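User: Could you walk me through how some labels on this model were assigned? I'd like the reasoning behind each one.

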Amino acid sequence: MNIGIRLHDTVPGTLEERLGYAKAQGFSCAHLAMSKAIQGFSMDRAPELFTDELADQVRTAFAEKQMGCAVLGCYLNLANTNEEALKKTQEIYHAHLRFARKIGAGVVGTETGPAKGTVFSEPASQSEEAFQLFIRCLAPIVRWAEEEDAVIAIEPVCEHIISTPERAERMLNLLPSDHLRIILDSVNLLSAEGALHADDIIADAIHRLGDKVSVLHMKDFLPIKPEDTRAQSVACGKGIMDYTRLLTFAKKYDLPMTLEDTVPDNAQAAREHLEKIAQTL
């Protein structure tokens with residue numbers, strides 16, 4: 001199985017050192033968030049910082065450790081009615097798509113808000129107005145992904161604009177393209193109520209989105225408490241998640257998986273937990 005980790009969850013160091021640490025813990029791919037994994041990198045300056053020289057450095061670092069880059073993260077909110085701010089954000093996405101192609105990243109990954117300073121926050125993010133705004137803001141990103149021969153992948157989250165498998169499916173139908181795909185993080189789909197029916201929600205996500213999923217984000221969740229508004233996530237093996245359906249899906253399509261909510265001391269155990277379950281399927 002192709003299991004990876006977010007590089008910013010490894011022991012701090014240079015890109016090369018982080019990749020070496022991930023490799024030593026048995027991971028075969030990684031999620032790269034430039035501003036979190038590379039000291040001094042500013043997302044606001046991505047269009048100018050993403051030089052050919054940097055691309056060569058990153059591509060070489062991954063190749064030397066025989067690691068794949070499953071996701072190049074660009075988690076900036078696209079749903080913005082401020083045209084000047086939106087244009088700047090879209091330029092940063094365009095730069096990430098170009099860079100992803102140069103370094104061989106599988107997808108450029110993102111979520112859909114809410115975020116501070118944008119027009120929609122929970123619960124307004126669930127509105128039709130928010131959905132239509134996001135579609136308009138995403139459309140040029142999809143065109144650029146096609147032009148750059150790269151992939152933009154949306155990660156649905158229960159509190160965000162693309163919040164359910166149904167909304168994600170609708171987005172894909174409105175913007176049909178092989179260059180628009182999905183990062184499936186099942187725990188992110190679970191509100192407090194939804195966590196009581198987690199397997200049904202996972203089944204619905206796989207049914208609606210299965211052939212458009214490029215990456216799985218893997219974590220666990222704790223039993224729901226009365227004060228919870230959504231499932232509280234933890235590292236794989238630390239909660240009550242049933243991975244049977246997800247791992248069967250991952251094996252069928254040979255999907256890369258990247259762990260979340262790990263720290264250096266439990267990341268290897270989280271990977272081994274998934275591999276042990278997968279061996280029984």
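Analyst: Gladly! One term is needed from the start: contact means heavy atoms within 4.5 Å. Keep in mind, too, that this is a predicted model. In that sense of contact, the buried residues of H9 pack against strand S6 (180-185), helix H8 (198-209), strand S7 (213-218), strand S10 (257-259) and helix H10 (267-278).

User: Which residues of helix H9 are buried, and why are they said to line one face of the helix?

Analyst: Within helix H9 (residues 244-253), they are Leu-246, Leu-247, Phe-249 and Ala-250. Viewed along the axis of H9, the buried residues fall within an arc of 155°, so they line one face. Just after H9 comes Asp-254, with a positive phi of about 50°.

User: What makes Phe-249 and Tyr-253 an edge-to-face pair?

Analyst: The centres are 5.3 Å apart and the planes meet at 65°. Pairing asks for centres within 6.5 Å, and edge-to-face for an angle over 60 degrees, so both conditions hold for Phe-249 and Tyr-253. The two residues are four apart in helix H9, which means a separation of about one helical turn.

User: Why is Phe-249 called buried, and why is Tyr-253 called partly exposed?

Analyst: Buried means under 20% relative accessible area, and exposed means over 50%. Phe-249 has 5%, so it counts as buried. Tyr-253 has 39%, so it counts as partly exposed.

User: Why is the pair of Phe-50 and Phe-99 called stacked?

Analyst: Here the centres are 4.0 Å apart, with 20° between the planes. Stacked requires planes under 30 degrees apart, so the label fits Phe-50 and Phe-99. Phe-50 is in the loop between helix H3 (46-49) and helix H4 (52-64), while Phe-99 is in helix H5 (residues 83-103), so the pair ties together parts 49 residues apart in sequence. Both Phe-50 and Phe-99 are buried, and with Phe-41 they form one aromatic cluster.

User: How do you know that the charged end of Arg-271 sits over the ring of Phe-27?

Analyst: The charged end of Arg-271 is 5.8 Å from the ring centre of Phe-27. The distance cut-off is 6 Å, so that part of the test is met. The label also needs a direction within 35 degrees of the ring normal.

User: What makes Glu-260 and Arg-6 a salt bridge?

Analyst: Their N to O distance is 3.7 Å, and the limit is 4 Å, so the pair qualifies. Glu-260 lies in the loop between S10 and H10 and Arg-6 in strand S1 (residues 3-6), so parts 254 residues apart in sequence are tied together. Both Glu-260 and Arg-6 are buried.

User: Why is Arg-230 called buried and Glu-159, its salt-bridge partner, partly exposed?

Analyst: Arg-230 has a relative accessible area of 18%, so it counts as buried. Glu-159 comes to 24%, so it counts as partly exposed. The closest N and O atoms of this salt bridge are 3.5 Å apart.

User: Lastly, which residues have the most contacts inside the largest nonpolar core?

Analyst: Those are Leu-32, Leu-138, Ile-152 and Met-171, in a core of 89 residues. Helix H6 (residues 128-148) supplies the largest share of this core, 11 residues. Leaving out residues up to four places away in sequence, the contacts of Met-171 include Phe-131, Phe-134, Ile-135 and Leu-138.

Methods
Residues are numbered from 1 along each chain as its sequence is written. This is a predicted model: local features need pLDDT of at least 70, side-chain atom pairs count only at pLDDT 80 or more; totals for chains, interfaces and linings use all residues. Side-chain values use heavy atoms; hydrogens and water are left out. A nonpolar core is a set of buried Ala, Val, Leu, Ile, Met, Phe, Trp, Tyr and Cys residues joined through side-chain atoms within 4.5 Å. Buried means under 20% relative accessible area, exposed over 50%, partly exposed in between (1.4 Å probe, protein chains only). The arc is that of the directions from the helix axis to the C-beta atoms. Rings of Phe, Tyr and Trp (its six-membered ring) pair if their centres lie within 6.5 Å; planes under 30 degrees apart count as stacked, over 60 as edge-to-face and the rest as tilted. A salt bridge is a side-chain nitrogen of Lys or Arg within 4 Å of a carboxyl oxygen of Asp or Glu.
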